[in-house]
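Me: Please take a close look at a single part of this structure, starting from one residue and working outwards. Give it as one connected account.

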Amino acid sequence: MPVAGVCGRCLAAAPAFTRTYACYRYDGWLAAAIQAAKFGQRWSIFPVLAQAMLCEMAAVDVNLIVPVPLAATRLAERGYNQSVEIAAVLAKGWRRPLLTDLLLRTRDGEHQARLRRSARLRNLRASFETARLLHGEHVLLVDDVMTSGATLQACAKTLLRAGAGRIDCCVLARTL
């Protein structure tokens, strides 16, 4: 597990989320496995990797767990949402409610992996909304990989506008 600390970008401008738990570094065999799973219809690796996350991490004290949603077209392409697969294992292991329909992706932009950070932020503007209001809940936002943090930032801002009290993030892997 990577060493705890605050990244340079977060020191310069605090994000909308409080902290991010990243179990692994996104490189080598893990990066290859995640890419193969996401784009090669091999979704079954995500529950296995999420189970490994449970072994690496202590239970996170949150009120609910919310996966980062995919746009409908991307979901239809892949046939699954890798963030839901990870979040479902974490929610069951930590006995926390999983809300797969709270955060909604309202538009499908360019694949984030193809863009630089500034373009990623622009690409995500007005891309998310919530299905209902929150009432101060501590939310754990789950995604597979954190690269620039743009997706998590956009989701966290949306959840805070909907009334969440605090957002923490949990990702399988983080680029360094």
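Reply: V84 is the starting point, and it counts as partly exposed because its relative accessibility is 23%, while the buried class requires a value under 20%. The model is predicted, so every value here is computed from predicted coordinates. V84 lies in helix α5, which covers residues 82-94. Once neighbours within four places in sequence are set aside, V84 is in contact with P67 and T100. L99 is 15 residues from V84 in sequence, and their C-alpha atoms are 9.4 Å apart in space.

The helix that carries V84 comes next. Helix α5 has 13 residues and reaches 19 Å from its first C-alpha to its last, close to the 18 Å expected at 1.5 Å a residue. Its buried residues are Q82, S83, I86, A87, V89, L90, A91 and W94. V84 is partly exposed, whereas S83, just before it in sequence, is buried. The buried residues of α5 pack against α2, α3, β2, α4, β5 and β6. The set of partners thus includes both helices and strands. One of the strands is β2, residues 64-67, which has the highest mean pLDDT among the elements of the chain, at 98.

Beyond α5, the chain continues into the loop between α5 and β3 (103-105), where R95 is found. R95 has a positive phi of about 55° although it is not a glycine. R95 is exposed, because its relative accessible area is 74% and exposed means over 50%.

Helix α3 is among the partners of α5. It runs over residues 45-56, and its end C-alpha atoms are 17 Å apart; this agrees with the 16 Å that its 12 residues should span at 1.5 Å a residue. In α3 the buried residues are F46, L49, A50, M53 and L54. Seen down the helix axis, they fall within an arc of 155°, so they line one face of α3. The face turned away from this buried side carries the exposed residues V48 and C55. The buried residues of α3 pack against β1 (19-25), α2 (28-39), α5, β5 (138-146) and β6 (166-174). The packing of α5 and α3 is therefore recorded from either side: α3 is listed for the buried residues of α5, and α5 for those of α3. Both lists also include α2, β5 and β6.

Aromatic rings appear at the start of α3 and in the loops that precede α3 and α5. A pair of rings is described by the distance of the centres and the angle of the planes. With ring centres required to lie within 6.5 Å, the count comes to two aromatic pairs. In one of them, the rings of W43 and Y80 have their centres 6.4 Å apart and their planes at 45°, so the pair is tilted. This pair links distant parts of the chain, with W43 in the loop between α2 and α3, and Y80 in the loop between α4 (72-78) and α5, 37 residues apart. The two partners are covered to unlike degrees: W43 counts as partly exposed because its relative accessibility is 40%, and Y80 is buried, with a relative accessible area of 5%.

The other pair joins F46 and Y80: the ring centres are 6.3 Å apart and the planes stand at 40°, so this pair is tilted too. It also links distant parts of the chain, as F46 is in helix α3 and Y80 in the loop between α4 and α5, 34 residues apart. Both F46 and Y80 are buried. Taken together, the ring pairs link W43, F46 and Y80 into a cluster.

The loop between α2 and α3 holds Q41 as well as W43. Q41 has a positive phi of about 60° although it is not a glycine. Q41 is partly exposed, with a relative accessible area of 45%.

As for the setting, the chain has seven helices and six strands, in the order α-β-α-α-β-α-α-β-α-β-β-α-β along the sequence. Of its 176 residues, 48% count as buried. Among contacts between residues at least 6 apart in sequence, 78% join residues at least 24 apart. The mean pLDDT is 87, and 83% of residues reach 70 or more. Helix α1, residues 8-12, has the lowest mean pLDDT among the elements, at 55.

Terms used: Residues numbered from 1 in each chain as written. Predicted model: local features only at pLDDT ≥ 70, side-chain atom pairs only at ≥ 80, totals over all residues. Heavy atoms only, no water. Helix = DSSP H or I, 4+ residues; strand = E, 2+ residues; numbered from the N terminus. Buried < 20%, exposed > 50% of the residue type's maximum accessible area, 1.4 Å probe, protein only. Contact = heavy atoms within 4.5 Å. Expected span 1.5 Å × (residues − 1). Arc of directions from axis to C-beta. Phe/Tyr/Trp six-rings, centres within 6.5 Å; stacked < 30°, edge-to-face > 60°. pLDDT = per-residue confidence, 0-100.
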